[in-house]
Amino acid sequence: MAVPARTCGASRPGSARTARPRPGPGPGPRRPAAGPMRPLLLLLPLLAASGASAYSFPQQHTMQHWARRLEQEIDGVMRIFGGVQQLREIYKDNRNLFEVQENEPQKLVEKVAGDIESLLDRKVQALKRLADAAETFQKAHHWQDNIKEEDIMYYDAKADAELDDPEGEDVERGSKSSTLRLDFIEDLNFKNKVNYSYTAVQIPTDIYKGSTVILNELNWTEALENVFIENRRQDPTLLWQVFGSATGVTRYYPATPWRAPKKIDLYDVRRRPWYIQGASSPKDMVIIVDVSGSVSGLTLKLMKTSVCEMLDTLSDDDYVNVASFNEKAQPVSCFTHLVQANVRNKKVFKEAVQGMVAKGTTGYKAGFEYAFDQLQNSNITRANCNKMIMMFTDGGEDRVQDVFEKYNWPNRTVRVFTFSVGQHNYDVTPLQWMACTNKGYYFEIPSIGAIRINTQEYLDVLGRPMVLAGKEAKQVQWTNVYEDALGLGLVVTGTLPVFNLTQDGPGEKKNQLILGVMGIDVALNDIKKLTPNYTLGANGYVFAIDLNGYVLLHPNLKPQTTNFREPVTLDFLDAELEDENKEEIRRSMIDGNKGHKQIRTLVKSLDERYIDEVIRNYTWVPIRSTNYSLGLVLPPYSTFYLQANLSDQILQVKYFEFLLPSSFESEGHVFIAPREYCKDLNASDNNTEFLKNFIELMEKVTPDSKQCNNFLLHNLILDTGITQQLVERVWRDQDLNTYSLLAVFAATDGGITRIFPNKAAEDWTENPEPFNASFYRRSLDNHGYIFKPPHQDTLLRPLELENDTVGVLVSTAVELSLGGHTLRPAVVGVKLDPEAWAEKFKVLASNRTHQDQPQKQCGPNNPCEMDCEVNNEDLLCVLIDDGGFLVLSNQNHQWDQVGRFFSEVDANLMLALYNNSFYTHKESYDYQAACAPQPPGNLGAAPRGVFVPTIADFLNLAWWTSAATWSLFQQLLYGLLYHSWFQADPAEAEGSPETRESSCVMKQTQYYFGSVNASYNAIIDCGNCSRLFHAQRLTNTNLLFVVAEKPLCSQCEAGRLLQKETHSDGPEQCELVQRPRYRRGPHICFDYNATEDTSDCGRGASFPPSLGVLVSLQLLLLLGLPPRPQPQVHARAASRPL
């Protein structure tokens, strides 16, 4: 018995429903345990009607018949116009023009790993020469107490930025007698203007350039200039060579002006990822903060800032936890044990620290017992090298000797660093005693200006065992990926520590201070050049990871932020869609093993709208002499590739002519992939201009020229000829309008995209590089015909289907079988006219066989099944692709919504399809996104870390004589010296992430076909507002054919499934740390040496401000005069004999 078309709401002819409201299913992608959808057959007795309606909902066999008609129509058009079979024949007819080459994964990955090892080894040799020379120069240097600024000549990299007029007009340069004036030339390798005859010096803003320590440092490091130059002579490919001193001085080569931000420059080499990694072994650190009642106001603010700055000295090789204490201790965050000091965990700490509140009494015992218990927990992943406790307090009397005796003595495996914070009159002797008896150091932080210096100097103490280990510790380490401060882009840096080899006196023990870290940058682009580019196909690639599982190379490594301080830490399992097989591969690579594994996995499309299930072959080997491991990923169809062999120059010329624009009218428009075919080829983002540049160059050189990539050129020209033959055999004699086609096209591995007819190229929006075109890559990974509707953003207006500017692409891969080898060297397809095909869709899903056939007359005595043409007011018929995007609809008002996620068109129906397993979804996180800065809160526009005094502070006489006042005046002095600090635009302030675009996390959700493959009927159960629907996959396509009753009752509306990318905090960090990903720390650890001298264990501030100084500063500020900076507390004089 036929099912009536409607069972409620008799508002239309042939309907027999009465609407009765009933709440719809709730929002969100979660499937209800007992969903509202039921199999249709079970409900037939309840929904049957006795012929009261002229029309009934189509039965399953009818809709299956429509589906077959749709499949046949699509297949017929693609066979006629796609030209798959004809292109196969063309390749076979031209078999003498190319060879089939094999990608042998093991050989390929071993060769690339060897090439990378050789590249890095050359940098290692340069590093060793520099480190040896630095130690020799420093040892021979004679300390000068009376050295003056005018005695030292050097190029101050920040001098030009400091002296430039803010309106762009330069003031007189070289006014400082010690500053050289240099000329620079543009160098493409450095993406900068450089001078190869000199080094440049960068000194942090908060360090006084005229201090004796800095001047002596500048004096002896000048000799490094010749070593830098000699290194470049031996290896012209060297990029930045840098010496980062423990005093904060950076000397780098070649010289270039500093990339000064628009606000105050807070760059300090000692806080760069490469310096931190090179200056000490990995750390397990517990930070404990005194939050007793005596800690309040400015002191508590200083502590919070100090903890944040301390966290910034940690790298991903370190582990940390932060706790507050008064009578008892407790973690400040949800982390109950040591966690990796990665960017996201540190963010959790920093946010949690801001919520600390002072109350209660001081209990050092509780704080230290908590810290020691944390460090003794062996059931967690940790660094297992340097162990330390950092205590921030305003002072106290208790020495907690019994705690140290219990946990740390006599071996003293845990170092204790104590920080006296704020202005107070407490006896600091107990704090000094704690540090000195536990191989640590005591610091004072009286004001904001002392925080950055004193929260990083503990690295000097940790460097002692390295220095005393001598040559054993002289091992090159390679860093994570990070953004170069001078504009090279993404780099890795080889680091080598530089030691102080001076003696304290005749027969005395040798010095145990680290002088600094030597570094040499390697641009990731230079490493990428060693990998095969185009022989791996569109979906093959090379990747590399480090011991943390972070990617060094990967096609998905694309951070969108620039000039940020943190390293780029994208985990391999976040660069791809995570599964158990990839976890196993990652672990094996981290362990330094070789391996090969074929897996079935999910991949995200290039446009991030689709998910495909694919087969991939993973092969991996370690890169010797480094902490990196290299992997190669190949689809099975990329095991073989074509290599053109165009030795016939006449044929070369013939095929080349089909690249000329004069041939486009008859042969179709040609886009060529913007690849580096020749060294002298000028790149351009405009493909028409790029083609023009290419043609002009080819008129001067031949495809066999030594300056050109012969493989790329020969394949490009061969594919030009092959696609032209497709035009000649198939496209030219066909009438596209008869089949409502806007264009036909072919794209190839060789880099050709040919569009026919020529005028259709005006509306072609796909990437001219086939390897970067989503339709191309998806077609290779899927069998059959892949539909791709135009992308529509929900925030934009619907598409306007005018002048044939919008079309639906249908593409399929061309699979060849040559000599028993299978490969897919091309993709062909058509571009459908959506309006015309929507009309055709109605006819194919109707009771008519063609448009000219009269419609069947139906009535009470002659009932009919509804169809998608006659009953389009009552019946919704759509084609949706495998990502859930609308492709075709029988509803005219939905034609401008083609390409939208279907939940935005019909949320109720899309949720039903999801709940019935026609679709499933995958959620993932993009950790490389960039987000605009959040609006500032009540702190106004104050720079981060600058204390803003309140009215109460101004009324407090004690405040005016405190170091806080001195700190504030000091910051204001820098504002006078660096006028740009007071400019309105703070967006580029180095070290002020709140005021510039910053990295953030975006949540992505993609939908893809679920487990249902067969035809399926169901009902969306909304009581008297229920809807019948039928859904069926179309064979050999990525389409779902859906027929459903149109909704009459708004009460049945459901929450929308979300597909659009949304801002997110990422997965819950508190849960993630309970199941940390596998990693390994560096192979070396220097945390102990029996000869270490721990007597140097603490000091206070060396420059207490006087009332006279403060009065002078006030007058200078009122007059607006730029005073000469007073010396600050500096790092210990590494170059001065002790």
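Where does Pro757 lie? To find out, open the predicted model and select Pro757. This proline sits in the loop between strand E29 (752-756) and helix H24 (774-781).

Now add Phe756 to the selection and look at the bond that links the two residues. Phe756 and Pro757 are joined by a cis peptide bond, with omega at about 0°.

Next, go to Trp409 and Pro410. A cis peptide bond is found here too, joining Trp409 to Pro410 with an omega of about 5°. Select helix H12 (401-407) and strand E15 (414-421) to see the setting: Pro410 belongs to the loop between them.

Stay in this loop and select Arg412, which also lies between H12 and E15. What is the sign of phi in Arg412, positive or negative? Phi is near 55°, a positive value in a residue other than glycine. Show the surface at this point: Arg412 is partly exposed, with a relative accessible area of 26%. The loop between H12 and E15 therefore offers two stops on this tour, Pro410 and Arg412.The last stop is Ser625. Select strand E24 (611-622) and strand E25 (629-634), then the loop between them, where Ser625 is found. Ser625 is not a glycine, yet its phi is positive, at about 70°. Is Ser625 buried or exposed? With a relative accessible area of 66%, Ser625 is exposed, whereas Arg412 is partly exposed.

How values were computed: Residues numbered from 1 in each chain as written. Predicted model: local features only at pLDDT ≥ 70, side-chain atom pairs only at ≥ 80, totals over all residues. Heavy atoms only, no water. Helix = DSSP H or I, 4+ residues; strand = E, 2+ residues; numbered from the N terminus. Buried < 20%, exposed > 50% of the residue type's maximum accessible area, 1.4 Å probe, protein only.
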